[in-house]
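Trainee: I would like a close look at a single part of this model. Please take one charged pair and work outward to the elements around it.

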Amino acid sequence: MASPSYQDTQAGTEIAARRYQVTRSELVRYAGASGDFNPIHWNERIAKSVGLPDVIAHGMLTMALAGRFLAEWAGDPGAVTEFGVRFSAPVVVPDDDKGATVEIAGVVTGKLDGNQVTVDVTARSGEAKVLTRAQAVVRLTAVLAQGDDPLEPPAVPAQGDDPLEPP
């Protein structure tokens, strides 16, 4: 996927949906990385005893998938400068080799200074919308005009070409 440029991105630009699989083994790895060992994320008996249909993914893992989606679209893991969500439904992860599918898509809603755009993100698992009010600010690359290489030193005028230099 080619990285979008700030100049070519407009409000209304749709970001094609991507699907991410979440398996029980990923939940265990995420628990180890995050330190969140709540048993509703790995123990089916406990999850059902508190009224859940099955083990559920960590909310922050779901949010991280949406952040990954934005970073992959922008072509830079540091491009997401702001991101906020509300968790609206859990991602239920069955005990099989497929797990759960989370589908994430987005639409650019505006352009800001500094080569940044605002993006509304949607995330669904099955029929459930799992994130709401998911909004991000993403910094995109700028297309440089010919001769605008920031690594090239500015041209030094030849003697007699500087209008401020006395004759």
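**A salt bridge and the sheet beside it**

Mentor: The side chains of Asp 76 and Arg 139 meet in a salt bridge, with N and O 3.9 Å apart. This is a predicted model, and the description should be read that way. The pair links distant parts of the chain: Asp 76 sits in the loop between helix 3 and strand 2, while Arg 139 belongs to strand 5, 63 residues apart. Asp 76 has a relative accessible area of 32%, so it counts as partly exposed. Arg 139 is also partly exposed, because its relative accessibility is 36%. Side chains of opposite charge can pair when their charged atoms come close.

Start with the strand that holds Arg 139. Strand 5 covers residues 128-139 and pairs with strand 2 in the antiparallel sense over 6 bridges. Within this pairing, Val 80 stands opposite Val 138 of strand 5, and Glu 82 stands opposite Val 137 of strand 5. Strand 5 also pairs with strand 4, again antiparallel, over 8 bridges. There, Asp 120 stands opposite Gln 135 in strand 5. Strand 4 and strand 5 form a hairpin with 2 residues between them. Gly 126, in the turn, has a positive phi of about 65°.

Now widen the view to the sheet. It is an open sheet of 5 strands in the order 1-3-4-5-2, with antiparallel pairing. Its edge strands are strand 1 (14-22) and strand 2 (80-87), each pairing on one side only. From one strand to the next, the twist averages 20°. In a regular strand the side chains alternate between the two faces of the sheet.

The loop that carries Asp 76 lies between helix 3 and strand 2, which brings in the helix. Helix 3 (residues 59-74) lies across strand 1, strand 2, strand 3 (100-112), strand 4 (116-125) and strand 5. Helix 3 runs at about 145° to strand 2.

The pair we began with can be set beside others, as the structure holds 8 salt bridges. One of them joins Glu 103 and Arg 19, whose closest N and O atoms are 3.0 Å apart. Glu 103 lies in strand 3 and Arg 19 in strand 1, so this pair ties together parts that are 84 residues apart in sequence. Glu 103 counts as partly exposed because its relative accessibility is 29%. Arg 19, at 61% relative accessibility, counts as exposed.

Another salt bridge is made by Glu 44 and Lys 48, at 3.1 Å from N to O. Both residues lie in helix 2, 4 residues apart, about one turn of the helix. Glu 44 is partly exposed, with a relative accessible area of 28%. Lys 48 counts as partly exposed too, at 44% relative accessibility. Glu 44 and Lys 48 also belong to a network of salt bridges that links them with Arg 24, Asp 54 and Asp 95.

One last stop is a patch without charged members. Val 28, Phe 37 and Trp 42 make a nonpolar surface patch of about 340 Å². Trp 42 lies in the loop between helix 1 (24-34) and helix 2 (44-49). Its relative accessible area is 45%, so Trp 42 is partly exposed.

Methods. Residues are numbered from 1 along each chain as its sequence is written. This is a predicted model: local features need pLDDT of at least 70, side-chain atom pairs count only at pLDDT 80 or more; totals for chains, interfaces and linings use all residues. Side-chain values use heavy atoms; hydrogens and water are left out. Patches are made of residues with over 30% relative accessible area and no salt bridge: like charges are joined within 9 Å, nonpolar side chains (Val, Leu, Ile, Met, Phe, Trp, Tyr) within 5 Å. Accessible areas come from the Shrake-Rupley method with a 1.4 Å probe; for residues, only the protein chains shown count as cover. A salt bridge is a side-chain nitrogen of Lys or Arg within 4 Å of a carboxyl oxygen of Asp or Glu. Buried means under 20% relative accessible area, exposed over 50%, partly exposed in between (1.4 Å probe, protein chains only). Two strands pair if DSSP finds at least two bridges between them. Axes are lines fitted to C-alpha atoms, for helices over the stretch in contact, and angles run from 0 to 180 degrees between N-to-C directions. Contact means heavy atoms within 4.5 Å.
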